[in-house]
Amino acid sequence: MKIKWNVFILTLIILSFQAACEATESTTEVNIPRDPEQISGDITVWAWALEADFLESIVPQFQEKYPNVNVTINKQGPDQVYQRLITGLAANQGEQLPDLVQVEETQLLSYKENFPDRFTNLSELGYGKYEGQFAPAKEEAVKDENGDFLAMPRDLGPVGIFYRKDIFHQAGVEPASIETWEDYIDAGEVIQTKTGVNMLGLTLNETVPLYKYMLHQQGAFYFDSSGNIDVHSSESIRALETIQRMQDKKLITNVTNWDGRVSALKNGHVATLPGAIWWTGTMKDQMPELSGKWGAMPLPSFNEKQGQGANGGGSNLVIPKASTNKEAAYVFGEFATTEVNLLIGGLKNQGLFPSLLATYEEKEFQERQAYFDNEAVYNVFASIAKETPAVNYTSDYARANDIVNDEIVSMLLNGKPLDQVVGDIANTLGPSTGREVNKS
């Protein structure tokens, strides 16, 4: 889900001013009763797409444990959820807000910084007992500066490489030989020479997340840990140079849009897909005839000192402070994020990859999947999730992501020099955010 940053930020600025004039949040101390039957009332949850479907599916089981709580899942589009959340947080009135709402970690800091003290401190309600039980990068992303939980971690999108085993075999390339991005490029040249198939497809008229993945696996990002713009870093230059080399060697094909990318995979026009785990659902649904022809592996590293873990998204649940039934909202959110059997159901039924580490020990993560040539593909991505480093998204992530994407597309389509790409990202992002720019 993507919201253009200029519209989003303008709305935040206007409504943050309004929020500064409001002071109506509830400050009543909340204590969660131990007896489920002592918790009662009606709660509303805002969510979208498969997350809304998952939450709806667990309501009957939740109400077996909490019979006096009524839950309404309000399924909307992501843009609608976020825009309504902005309006509601600005007004800070319970009737304009849900009791629980889905928020991606990439958006969380925007709300926190523009609407300070508008979300409930979940650690104070007892969620702190789950510290250390989630994928480390995920857990770090949902905590505040004091280490308290601001959101309850739900799903995440560990990133790896999906590859066509039949194409690799035809070219005589062993997947195990690809340990670094240099190996990946070398393999791409062999595959292209022997089969005529490009190594990967990028949607150059939409988003190009490959650079972001390459940064993330190196423990770097658009911003450093202090929030300074960090696109001049050695990790950033290394990632951009690698992508440029792929382009120079004609290993990249422009697949235009989502449908084009799916078509390229389905028709064997590209040999690999660097992507998040949720692609498995799309593959099984859109290209069932390719069962047994796909494999999966971690991202190649840059060198032996660089990791392989990156993340491609994920959601969390937050409780607005204006909610008048935080007890019921809390126990439903806790139920949705910590019950292993429910999370396994969400993985199997909605394709939502859980962030709770305990789920990775379940038999479903060891099961071999026929579609992926009997590989235990979930186990591959669980290992990736556990080693993915934490990064600082900041409140300017959406703005940075748009600017970075536009510049990378310009580099790949128009031949814009790499140093100019980096300079223009910094020169645009710095003044528009007021953040310092690291020079190297």
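A cavity is a set of grid points where a 1.4 Å probe fits but cannot get out. The model described here is predicted, and it holds two cavities of 30 Å³ or more.

## Cavities and a pocket

The second largest cavity has a volume of about 30 Å³. Its lining is made of L202, P209, L210, Y213, R261 and P274. By class, five of these residues are nonpolar, none is polar and one is charged.

The largest cavity has a volume of about 110 Å³. Its lining comprises 16 residues, and those nearest the centre are A137, K138, H216, N311 and Y393. Helix α6 contributes the most to this lining, with three residues. Sorted by class, the lining of the largest cavity has 11 nonpolar, three polar and two charged residues.

The second largest pocket encloses about 490 Å³ of space. Its lining has 22 residues, with E140, S225, V391, N392 and Y393 lying nearest the centre. Y393 is thus named among the residues nearest the centre of the largest cavity and among those nearest the centre of this pocket. Two helices, α4 (105–114) and α6 (136–141), each supply at least two lining residues to the pocket. Helix α4 gives the most, with four residues. The pocket lining has eight nonpolar, five polar and nine charged residues.

The table sets out the volumes.

| Space | Volume |
|---|---|
| Second largest pocket | about 490 Å³ |
| Largest cavity | about 110 Å³ |
| Second largest cavity | about 30 Å³ |

## Strands and sheets

Strands of a sheet pair through backbone hydrogen bonds, and the pairing is either parallel or antiparallel. Both kinds occur among the pairs described below: β1 with β2 is parallel, and β5 with β9 is antiparallel.

An open sheet is formed by five strands in the order β2-β1-β3-β10-β4, and its pairing is mixed. At the edges of this sheet are β2 (69–75) and β4 (152–153), each of which pairs on one side only. Strand β1 (residues 41–47) is joined to β2 by seven bridges, and the two run parallel. Within this pair, I43 of β1 stands opposite V71 in β2.

Strand β5 (residues 159–164) and strand β9 run antiparallel and are joined by five bridges. Here G160 stands opposite P298 in β9. Is strand β9 largely enclosed or largely open to the outside? Four of the five residues of β9 (residues 294–298) are buried, so the strand is largely enclosed by the rest of the structure.

## Helix α12

Helix α12 spans residues 279–286, and its buried residues are W279, T280, T282 and M283. Seen down the axis of the helix, these buried residues fall within an arc of 160°, so they line one face of α12. What do they pack against? Their partners are β5, α11 (258–266), β8 (272–276) and β9. Strands β5 and β9, which pair with each other, are therefore both in contact with the buried residues of this helix, contact meaning heavy atoms within 4.5 Å.

## Residues in loops

Two residues have a positive phi although neither is a glycine: N374, at about 65°, and T394, at about 60°. N374 sits in the loop between α14 (340–350) and α15 (377–387). T394 is placed in the loop between α15 and α16 (397–414).

Which of the words buried, partly exposed and exposed applies to N374? A residue is buried under 20% relative accessible area and exposed over 50%, with partly exposed in between. N374 has a relative accessibility of 43%, so it counts as partly exposed. T394 has a relative accessible area of 3%, so it is buried.

E364 also lies in the loop between α14 and α15. With a relative accessible area of 10%, E364 is buried. Which residues does E364 touch, leaving aside those up to four places away in sequence? The contacts are with I344, K348 and Y378. From E364 to G345 there are 19 residues in sequence, and the distance in space is 10.0 Å, C-alpha to C-alpha.

Notes. Residues are numbered from 1 along each chain as its sequence is written. This is a predicted model: local features need pLDDT of at least 70, side-chain atom pairs count only at pLDDT 80 or more; totals for chains, interfaces and linings use all residues. Side-chain values use heavy atoms; hydrogens and water are left out. On a 1 Å grid over the protein atoms alone, a cavity is a set of points where a 1.4 Å probe fits but cannot get out, and a pocket is an open set with protein on both sides within 12 Å along at least five of seven lines; lining residues have an atom within 4 Å of a point. Grid points are joined across faces, edges and corners, and a volume is the space filled by probe spheres set on the points. Ala, Val, Leu, Ile, Met, Phe, Trp, Tyr, Cys and Pro count as nonpolar, Asp, Glu, Lys and Arg as charged, and the others, Gly among them, as polar. Buried means under 20% relative accessible area, exposed over 50%, partly exposed in between (1.4 Å probe, protein chains only). Two strands pair if DSSP finds at least two bridges between them. The arc is that of the directions from the helix axis to the C-beta atoms.
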